[in-house]
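Q: I am new to protein models. Please show me how to read one, feature by feature.

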Amino acid sequence: MAVRRLIDMLVAAAALPLALPVMAVIAAAIKLTDGDPVLFRQVRVTKGRRRFELIKFRTMTDARDAQGHLLPDRMRMTRLGRFLRRSRMDELPQLWNILTGAMSLIGPRPLLPATIEEAGEAGRRRCEVTPGLTGWAQVNGNALLGEQDKFALDLWYIANRSFRLDLIILIRTAGVALCGERFNPSSIRRAHEGHSRRRG
């Protein structure tokens with residue numbers, strides 16, 4: 001939608017210069033406490049199943065077990081990383097992804113190509129819209145949720161998205177940044193019920 005894209009570009013173009021000093025401080029803190037690399041880069045999927053390189057600040061180490069397998073996320077999360085995740089400041093570099101059109105301010109979480117493929121029809125439907133910096137799943141539990149709940153919330157958003165819903169998400173995103181993530185059972189239940197009816 002042209003209006004959404006215009007809003008995305010205007011907000012990202014205005015926010016990026018303002019965020020640069022904060023981003024410089026974060027980058028320096030990561031380099032001093034955790035070393036390189038400062039940024040985390042990973043291929044994700046956007047609208048139309050196109051692939052792009054998502055960028056964010058690194059919040060975890062590359063620690064592995066004796067067999068060479070990565071340790072669980074909770075064991076690799078750095079002290080600074082926990083703060084960045086909680087405040088959502090690790091996602092500031094994604095303003096660049098928004099400017100390039102790979103992401104939107106609001107939408108489903110950008111997922112890995114393999115996750116999209118494994119999801120089948122649900123994965124195809126998630127690629128009908130541009131993934132977002134924040135979204136319905138992110139403000140209803142995010143890291144506290146299982147993958148099925150996240151998918152249900154994302155699909156519910158796609159079926160019901162509107163400027164009013166986007167405004168609610170923006171307000172709740174500010175609350176998450178200030179107060180932390182909260183599990184929202186009513187939104188999750190509604191998302192699963194709506195998802196079941198559409199598929200049936």
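A: Start with burial. Buried means under 20% relative accessible area, exposed means over 50%, and partly exposed is in between (1.4 Å probe, protein chains only). Asp90 counts as buried because its relative accessibility is 1%. This is a predicted model: local features need pLDDT of at least 70, side-chain atom pairs count only at pLDDT 80 or more, and totals for chains, interfaces and linings use all residues. Residues are numbered from 1 along each chain as its sequence is written, and side-chain values use heavy atoms, with hydrogens and water left out.

Q: Where is Asp90 found, and which residues does Asp90 touch?

A: First, two terms. Helices (H or I, at least four residues) and strands (E, at least two) are DSSP runs, numbered from the N terminus. Contact means heavy atoms within 4.5 Å. Asp90 sits in the loop between helix H3 (79-87) and H4. Not counting residues up to four places away in sequence, Asp90 touches Lys56, Phe57, Thr59, Leu84 and Arg85.

Q: What backbone features should I look for?

A: Most residues other than glycine have a negative phi, and most peptide bonds are trans. Now look at Arg88. Arg88 is not a glycine, yet it has a positive phi of about 70 degrees. Arg88 lies in the loop between H3 and H4. Its relative accessibility is 10%, so Arg88 counts as buried. Arg49 also is not a glycine and has a positive phi, of about 65 degrees. Arg49 lies in the loop between E1 and strand E2 (51-57). At 41% relative accessibility, Arg49 therefore counts as partly exposed.

Q: Which residues does a cis peptide bond join?

A: The cis bond joins Asp36 and Pro37, with omega about -5 degrees. Pro37 is in the loop between helix H1 (2-33) and strand E1 (39-45).

Q: How do I read a nonpolar core?

A: In soluble globular proteins, nonpolar side chains tend to be buried together. A nonpolar core is a set of buried Ala, Val, Leu, Ile, Met, Phe, Trp, Tyr and Cys residues joined through side-chain atoms within 4.5 Å. Here the largest one has 39 residues; Phe57, Ile98, Trp136, Leu153, Tyr157 and Ile169 have the most contacts inside it. H7 gives the most to this core, with seven residues.

Q: Is Ile98 buried or exposed?

A: Ile98 counts as buried because its relative accessibility is 0%. Ile98 lies in helix H4 (residues 94-99). Beyond its neighbours within four places in sequence, Ile98 contacts residues including Arg5, Asp8, Met103 and Leu133.

Q: What about empty space?

A: Use a 1 Å grid over the protein atoms alone. A cavity is a set of points where a 1.4 Å probe fits but cannot get out; a pocket is an open set with protein on both sides within 12 Å along at least five of seven lines; lining residues have an atom within 4 Å of a point. Grid points are joined across faces, edges and corners, and a volume is the space filled by probe spheres set on the points. The largest pocket has a volume of about 1,200 Å³. Of its 39 lining residues, Arg44, Lys56, Met60, Asp73 and Arg85 are the closest to its centre. E1 gives the most to that lining, with four residues.

Q: How many cavities of 30 Å³ or more does the structure hold?

A: The structure holds one. About 50 Å³ of space lies in the largest cavity. Among the residues that line it are Val45, Pro108, Arg126 and Cys127.
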